[in-house]
Amino acid sequence: NPKQTTSRQHFVPQFYLRQFANDEGLIERLDLPTARVLSKAVSPKSECHDDYFYAVKTGKKDDVSQDVEKFWKIIEDYVSERYDAVLQKILTYKHLTDEDVNVIANLGAMLWMRTPFFRETINKMDEDATRMMMEHRASHSEFVDMTLQKVQAEGIEKTKQELSAAGRDVRN
């Protein structure tokens, strides 16, 4: 069996988008910057996706995108199978069980965690943390000596002055 590859990866699940479909099964969209309803309604399948959205680099096929897609499919299948029943309970003021609350919590988390904004936020946090760790390392009094030993062990010729300058660049 060849491994199935999913290239069109939705960051808003199609089952959820269908909740907003008109009688023809299409969704009408609003362009937020202009506050205009776009003239052409579209299928939920054609919205809120990107090719290899979950890849390390969006748009570039990799195994990470497939693993993340599989993970979200498990959560999405769990929520989508129960969503209508939970929604009916809410609309008719029925008691929600712990599992119903779990479905709602998973839906909310899934909708937030799959957004491009969430991804950008996580990437920015990762970059900031990496920069802070490198700054901290470079500020250590033995940074230059430890780095000099490592690069010399790799056969790279550097002077203490070159490494000191590199350490200052990292801190600045």
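The exercises below, each with a worked solution, concern aromatic pairs, burial, a pocket and a helix in one predicted model.

Residues are numbered from 1 along each chain as its sequence is written, and side-chain values use heavy atoms, with hydrogens and water left out. Because the model is predicted, local features need pLDDT of at least 70 and side-chain atom pairs count only at pLDDT 80 or more, whereas totals for chains, interfaces and linings use all residues.

**Exercise 1.** Classify the aromatic pair formed by Tyr16 and Phe20, and decide whether each residue is buried or exposed.

*Solution.* Rings of Phe, Tyr and Trp (its six-membered ring) pair if their centres lie within 6.5 Å, and planes under 30 degrees apart count as stacked, over 60 as edge-to-face and the rest as tilted. By this rule the model holds 9 aromatic pairs. For Tyr16 and Phe20 the centres are 5.4 Å apart and the planes stand at 75°, giving an edge-to-face pair. Burial is judged by relative accessible area (buried under 20%, exposed over 50%, partly exposed in between, with a 1.4 Å probe and protein chains only). Tyr16 is buried because its relative accessibility is 19%, and Phe20 is exposed because its value is 52%. Both residues belong to one aromatic cluster with Phe15 and Tyr83.

**Exercise 2.** Describe where Phe53 lies and what sits over its ring.

*Solution.* Helices (H or I, at least four residues) and strands (E, at least two) are DSSP runs numbered from the N terminus, and Phe53 lies in the loop between strand E4 (49–51) and H2. Its relative accessibility is 4%, so Phe53 counts as buried. A charge sits over a ring if NZ of Lys or CZ of Arg is within 6 Å of the ring centre and within 35 degrees of the ring normal; the charged end of Arg119 does so for Phe53, 5.4 Å from the ring centre.

**Exercise 3.** Find which residues of H4 are buried, and compare the span of this helix with the expected value.

*Solution.* Phe118, Arg119 and Ala138 are the buried residues to note in H4. The expected span of a helix is 1.5 Å times one less than its number of residues. For the 24 residues of H4 this comes to 34 Å, and the end C-alpha atoms are 35 Å apart, so the two values agree.

**Exercise 4.** State how the residues lining the largest pocket divide by type.

*Solution.* A pocket is an open set of points on a 1 Å grid over the protein atoms alone, where a 1.4 Å probe fits, with protein on both sides within 12 Å along at least five of seven lines; lining residues have an atom within 4 Å of a point. The largest pocket has 15 lining residues, and Tyr54, Val68, Met113, Phe118 and Arg119 lie nearest its centre. Helix H2 (63–91) and helix H4 (116–139) are the elements that give two or more residues to this lining. With Ala, Val, Leu, Ile, Met, Phe, Trp, Tyr, Cys and Pro as nonpolar, Asp, Glu, Lys and Arg as charged, and the others, Gly among them, as polar, the lining divides into 11 nonpolar, 2 polar and 2 charged residues.
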